[in-house]
Amino acid sequence: VVALIITPRVEQARVWRQLLSERLPQMRFRCYPQLGDPAEIDIALSWKAPKGLLGSLPRLKLVYSLGMGLDHLLDDPSLDRRVPIVRLVDPNMVEQMSEYALYSTLYFHRRMDVYERFQREQRWEELPLPHTPMRRVGIMGLGEIGADCARKVAALGFPVRGWSRTRKQIAGVRCYCGDGELDAFLAECDILISVLPLTPATAGIVNSVTLEKLPRGAYFVNIARGGLVVEADLLDALDSGLVDGVMLDVVAEEPLAPDHPLWTHPKVRITPHIAGLTNPYTAVEPVYANLKRFLAGEALQHLVDRGRAY
Ligand SMILES: NC(=O)c1ccc[n+]([C@@H]2O[C@H](COP(=O)([O-])OP(=O)(O)OC[C@H]3O[C@@H](n4cnc5c(N)ncnc54)[C@H](OP(=O)(O)O)[C@@H]3O)[C@@H](O)[C@H]2O)c1
């Protein structure tokens, strides 16, 4: 069985190759752009493959997303819909994502955004501090990452709301589901954290209509995908005071253009898509386990439902 490893930087593909070859000596691994004969490739392990590449592999039997998101694969029309896709689910990355959710919650809850400014202005001034059990945190998306974020934020004493497509039950979290309960969910989010996958159903879900449903002066955090947000609407909501602070790890066009107003808006904090980073040294274990299942003809874990697009 031959697998092609595709990553934006070939050095990272080589790390994957070494880690996987040690564990699966019966498989052969190639690193893009060293394709060899495309007709020999059975599996693509891919993070951001150039569009059209996967469609040019005639024997492809499996695509493995080396990131937890799938939008980088599903927007490639060349990829045959019949080829199964599995995605990386790495507990280490889930932990990193929850750290970011916890950090942003505490950052806004404790008004560090304002105290940063006060320091620059050499202003020694105290702001009111809402009681933690009064500061409601809403997590949009209660999957592998969102459910972990929800539990950990709740463990700090914040009342947590969650929203997903299907009904969830998470101890200590008030769970809403479906489009019909979105407004009720949003109305209870003093801090809204987005961990939704980017799909046709979620693209642009954070827009002028939904932002209007938040309590006035809410905070918004996006650690999922920039395409979930209509950025012009978010900027308007900041300027009108509807939203009081924003922390974005992801934006619609990455890297963010040098002249984009998000860079310099005083109420926006930006990080360059670092909330969760794929670390091959930890991520190799779930990938190895799943490839072993593939070789044994067993059912695969984290198989993607093409119809739902996540
Ligand atoms: N910034 C970063 O560094 C970084 C790192 C890793 C991942 N991510 C992003 O995080 C996303 C989430 O990852 P995950 O592993 O938690 O995904 P997941 O396990 O697939 O969970 C997705 C969650 O979103 C919900 N959902 C999907 N479509 C929905 C809709 N139309 N309406 C309401 N809820 C919907 C799902 O509902 P159900 O539970 O009902 O199915 C589920 O709870 C990834 O897709 C990726 O884009 C970002």
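## Briefing: ligand contacts, sheet and helix packing

A polar side-chain atom of R87 sits 2.8 Å from an oxygen atom of the ligand. Keep in mind that this is a predicted model, so treat what follows as a read-out of computed geometry. Besides the ligand surroundings, there's an open sheet of 7 strands to look at, a helix with one buried face, and a few single residues with their contacts.

**Around the ligand**

- There are 30 residues around the ligand, and the ones that come nearest are R87, T166, K168, I223 and Y310.
- Y310 puts a polar side-chain atom 2.5 Å from an oxygen atom of the ligand.
- G143 takes part through its backbone: one of its polar backbone atoms is 3.1 Å from a ligand oxygen atom.

**The sheet**

- The 7 strands of the open sheet run in the order 8-7-6-9-10-11-12, and the pairing is parallel.
- Strand 8 (173–177) and strand 12 (268–270) are the edges, each pairing on one side only.
- On average, neighbouring strands here are turned by 15° against each other, ignoring direction.
- For one pair in detail, take strand 6 (residues 137–140) and strand 7 (residues 160–164), which pair in the parallel sense over 4 bridges.
- In that pairing, V137 has V160 of strand 7 standing opposite.
- Helix 8 (residues 231–239) lies across strand 10 (218–222), strand 11 (243–248) and strand 12, and runs at about 140° to strand 11.

**Helix 4 and its two sides**

- D113, V114 and F118 are buried in helix 4 (residues 112–120).
- Looking down the axis of helix 4, you'd see its buried residues fall within an arc of 140°, so they line one face of the helix.
- In general, an α-helix has 3.6 residues a turn, so residues three or four places apart point the same way.
- The packing partners of helix 4's buried residues are helix 3 (91–109), strand 10, strand 11 and strand 12.
- Q119 and R120 are exposed, on the face of helix 4 turned away from its buried side.
- Right after helix 4 comes Q122, with a positive phi near 50°.

**S194, in the sheet**

- S194 belongs to strand 9 (residues 191–194), and its relative accessible area of 1% makes it buried.
- Its side chain has a polar contact of 3.2 Å with the side chain of N222.
- Not counting residues up to four places away in sequence, S194 touches M140, F220, V221, N222, I223, A224 and L228.
- One of those contacts, I223, is also listed among the residues that come nearest to the ligand.

**R225 and S240, in the loops**

- R225 is in the loop between strand 10 and helix 8; at 15% relative accessibility R225 counts as buried, because the cut-off is under 20%.
- The side chains of R225 and D71 make a polar contact at 2.9 Å.
- Leaving aside neighbours within four places in sequence, R225 is in contact with W47, G69, D71, L198, V250 and H273.
- S240 is in the loop between helix 8 and strand 11, where its 41% relative accessibility counts as partly exposed.
- If you want a distance to check, the C-alpha atoms of S240 and Y107 are separated by 22 Å, and the two residues are 133 residues apart along the chain.

Definitions and conventions: Residues numbered from 1 in each chain as written. Predicted model: local features only at pLDDT ≥ 70, side-chain atom pairs only at ≥ 80, totals over all residues. Heavy atoms only, no water. Pairing = 2+ DSSP bridges. Helix = DSSP H or I, 4+ residues; strand = E, 2+ residues; numbered from the N terminus. Axes fitted to C-alpha atoms, helices over the stretch in contact; angles between N-to-C directions. Contact = heavy atoms within 4.5 Å. Buried < 20%, exposed > 50% of the residue type's maximum accessible area, 1.4 Å probe, protein only. Arc of directions from axis to C-beta. Near = heavy atom within 4 Å. Polar contact = N/O pair within 3.5 Å; in protein donor to acceptor, adjacent residues only side chain to side chain.
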